[in-house]
Amino acid sequence: MCGISGIWERNGCSLQDLKRRASAMTQTLSHRGPDDSGVWLSEQASIAFGQRRLAIIDLSPMGHQPMLSANGQYTITFNGEIYNFRELRAELERCGVRFRGHSDTEVIVEGFAQWGVKSTIARLNGMFAIAAWDAGERQLFLARDRMGEKPLYWAIFDGLVLFGSELKALRAHPGWNPSLNRGAIAAFLRHSYVPGPFTIYENVYKLPPAGFVKIASGGGPEVGVYWDLAGVVSQGQRNTLRADEEELVDELEGLLHDAVSRRMIADVPLGAFLSGGYDSSTVVALMQKTSLRPVRTFTISFENPAFDEAKHAEAVARHLGTDHTTFPVSGADALAVVPKLAEMYDEPFADPSQIPTHIVSALTRKRVTVALSGDGGDELFSGYKGYQWTENVWRPSAKIPLGLRRLVSSSIRAVPPSTYNSIARYVPYFRRVPRVGQKAHRLAQILSVSSIDSAYYQLVSRHQNPDSLVKGSQEVRTACWEQNLKVLLPDPVDRMRYLDMCTYLPENILTKVDRASMAVALEVRVPFLDHRLVEWVWKLPSFQNARAPRPKHLLRRVLARYVPDRLVERPKMGFAVPLADWLRGPLRNWAEDLMNEACLSAGDIFQVGAIRSLWAEFLSGDNERYFLIWNILMFQAWHRRWRNASVADTGTKRLASLVCDS
């Protein structure tokens with residue numbers, strides 16, 4: 001696991017300047033790779049690669065990067081882990097390749113020399129962001145893993161090509177000078193993240209999951225994919241699995257066990273996050289099945305029982321016999337993370353679970369260097385509440401006239417979320433639905449719309465018209481706006497799962513996990529996102545997954561072979577924090593500072609009056625839009641931290657600095 005960066009000065013550059021610039025870019029990623037640093041230069045091509053290494057496999061100097069192929073044609077800088085590198089190495093050895101070390105990096109670069117870049121990438125099972133230089137053809141290649149676990153940003157400014165694991169690496173180059181993308185700001189206010197392939201900057205891009213870019217010396221980029229989720233879905237629909245349920249459970253267990261086992265290969269201490277839910281418990285159960293000694297597992301406990309999953313995790317850990325650690329976390333510990341977020345996520349990002357995710361990563365890093373997680377299980381196995389609402393609420397309610405549904409919706413919304421939450425306190429804890437008030441209002445939103453696709457967009461939107469808050473914006477479009485998905489996926493829950501895999505999973509969940517963990521140099525591996533498992537799941541009949549009798553039905557059947565239902569059967573909690581209470585309490589001064597009129601006016605981005613009104617309504621007790629408030633605050637904190645690198649006009653820079661620092 002590492003941080004990578006690179007420059008291609010296609011208009012030429014002195015070797016001294018090239019080295020200085022590459023070193024500066026690479027140094028910004030030191031948190032991702034504290035164990036080693038390397039810079040490779042080609043004076044002839046004016047290209048440079050940099051890498052910060054977190055040593056996981058082959059801790060010797062033979063794993064040092066950037067790395068050249070034995071024939072000298074290819075140079076690689078690589079972030080990630082390849083879980084089938086041993087099989088690929090054996091195949092290359094049969095072709096006559098002789099290896100110097102034992103790293104997966106060497107397998108990739110020698111694969112390039114033997115099979116070509118694109119053919120090798122398609123053979124990889126892993127998480128990765130890769131840059132490769134072909135000296136013979138004078139071509140730069142960039143590639144990213146199939147599901148988007150590892151990030152890769154890139155940009156071309158005239159004759160300058162830049163890339164890096166994080167935007168801060170690109171910013172370190174003196175040629176960096178893009179302006180803000182106002183359409184991306186609007187999309188961020190809707191989604192709590194900037195949707196790919198866009199970034200917060202104009203003409204700077206995220207390489208999409210399974211993305212592949214080739215840049216030649218004399219032309220523009222050729223962008224494509226080497227694996228296509230839509231194609232996987234289409235093929236799965238045509239080749240539906242016809243086995244009985246018991247056979248499917250056996251197949252699923254075998255695939256999961258192999259995916260987990262491969263992700264346990266490491267030359268450093270390894271453990272797992274354990275919340276006590278279905279996903280993490282399944283991963284840990286299969287880890288323990290593989291391991292000859294107790295697996296190290298980790299969770300955090302909160303003072304507020306409404307947000308605490310520790311006792312559930314401890315019960316599962318005792319049953320499985322893991323070496324479990326619970327880290328107690330106070331509210332003050334959580335609040336202390338907030339000032340670090342703009343640095344950690346150097347693009348606006350506003351999922352509040354970024355806070356506990358970073359805390360558990362930082363505490364886990366004290367004991368291990370690699371941790372497995374259960375992310376991806378909800379998207380694969382229809383675990384989100386929105387899917388269940390579609391199946392259990394939308395399908396029956398769609399038969400009711402729209403006018404009547406809207407009347408019911410208005411009645412639900414007439415009661416504030418806080419009232420529902422107060423009533424819920426009288427429900428026994430094990431039957432209580434967390435944040436029931438907010439969920440009731442979400443349900444009301446769904447009832448009021450005319451189609452299931454509109455209901456989905458309600459669910460994923462923090463604001464229905466974010467262009468009204470951002471001056472001069474036209475919101476960038478994502479896969480959620482795709483009009484032809486009904487042909488590919490007639491079942492609405494399948495459409496929601498597909499869209500979440502394309503958008504929410506890589507742009508929110510995996511971005512959160514990557515930044516929160518790599519900020520403390522912890523590598524997180526995600527077995528559920530093994531592409532073989534993803535391909536298998538999309539072959540399942542809808543009644544076995546999206547329309548199963550209970551959420552995650554097949555996964556729960558697998559887990560039941562290791563953990564009794566009573567230990568994991570409970571309402572889904574997520575990794576939540578009492579955000580609204582914090583913003584009215586201990587974070588009030590911090591938020592007021594970012595929400596004052598002068599700071600909101602910096603850069604002439606927002607409709608200040610509209611946002612000030614939202615803030616006033618929130619302070620008066622309206623909890624309807626506190627996630628939108630958090631989005632605005634996260635943008636403001638990001639803009640304050642990075643504005644000198646995000647505003648092209650120097651005069652505007654000085655103005656922004658003056659008003660926000662006053």
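Begin by selecting L140 in strand β7, where this residue stands opposite I215 in β11. The model on display is a predicted one. The two residues mark a place where strand β7, residues 139-144, runs alongside strand β11, residues 211-216. These strands pair in the antiparallel sense, over five bridges.

**The antiparallel sheet**

Next, extend the selection to the sheet around this pair. Six strands make up an open sheet, in the order β4-β5-β6-β7-β11-β12, and the pairing is antiparallel. At its edges lie β4 (67-68) and β12 (221-225), each of which pairs on one side only. Now add residues 104-115, which form helix α3. This helix packs on the sheet and touches β4, β5 (74-82) and β6 (126-134). The direction of helix α3 makes about 135° with that of β5.

**The parallel sheet**

Clear the selection and turn to the sheet with the order β15-β14-β13-β16-β17. This is an open sheet of five strands with parallel pairing. Its edge strands are β15 (323-329) and β17 (523-525), and each of them pairs on one side only. From one strand to the next, the twist averages 30°.

Within this sheet, select residues 270-273 and residues 296-302, which are strands β13 and β14. They pair in the parallel sense over three bridges. A useful landmark here is F273, which stands opposite F298 in β14. Helix α9, residues 278-290, packs on the sheet, where it touches β13, β14 and β16 (370-372). The direction of helix α9 makes about 155° with that of β13.

**The nonpolar cores**

Which residues touch the most other members of the largest nonpolar core? Select F112, I121, I130, L229, M287, L372 and W538, which hold that position in a core of 103 residues. Helix α9 supplies the largest share of this core, namely six residues.

Centre the view on M287 and display its surroundings. Leaving aside residues up to four places away in sequence, M287 touches V260, M264, L270, G271, A272, V295 and L372. Another core, of 83 residues, lies apart from the largest one, and among its members are V368, A371, L614 and W638.

**A loop residue beside the parallel sheet's edge strand**

Move next to T322, located in the loop between α10 (310-320) and β15. Is this loop residue buried or exposed? T322 is buried, because its relative accessible area is 13%, and a residue counts as buried under 20%. With residues up to four places away in sequence not counted, T322 touches V284, Q288, P294, V295, T297 and A317.

**The whole protein**

Finally, show the complete chain. The secondary structure of the protein comes to 31 helices and 17 strands. The radius of gyration is 25 Å, close to the 26 Å that the globule rule gives for 662 residues, so the protein is as compact as a globular protein of that length. The C-alpha trace spans about 70 × 65 × 50 Å along its principal axes.

Colouring by burial would set apart the 59% of the 662 residues that count as buried. Among contacts between residues at least 6 apart in sequence, 74% join residues at least 24 apart. With a surface display, the view shows an accessible surface of about 25,100 Å², of which 51% belongs to carbon and sulfur atoms.

Key. Residues are numbered from 1 along each chain as its sequence is written. This is a predicted model: local features need pLDDT of at least 70, side-chain atom pairs count only at pLDDT 80 or more; totals for chains, interfaces and linings use all residues. Side-chain values use heavy atoms; hydrogens and water are left out. Two strands pair if DSSP finds at least two bridges between them. Helices (H or I, at least four residues) and strands (E, at least two) are DSSP runs, numbered from the N terminus. Axes are lines fitted to C-alpha atoms, for helices over the stretch in contact, and angles run from 0 to 180 degrees between N-to-C directions. Contact means heavy atoms within 4.5 Å. The radius of gyration is taken over C-alpha atoms; the globule rule is 2.2 Å times the number of residues to the power 0.38. Buried means under 20% relative accessible area, exposed over 50%, partly exposed in between (1.4 Å probe, protein chains only). Accessible areas come from the Shrake-Rupley method with a 1.4 Å probe; for residues, only the protein chains shown count as cover. A nonpolar core is a set of buried Ala, Val, Leu, Ile, Met, Phe, Trp, Tyr and Cys residues joined through side-chain atoms within 4.5 Å.
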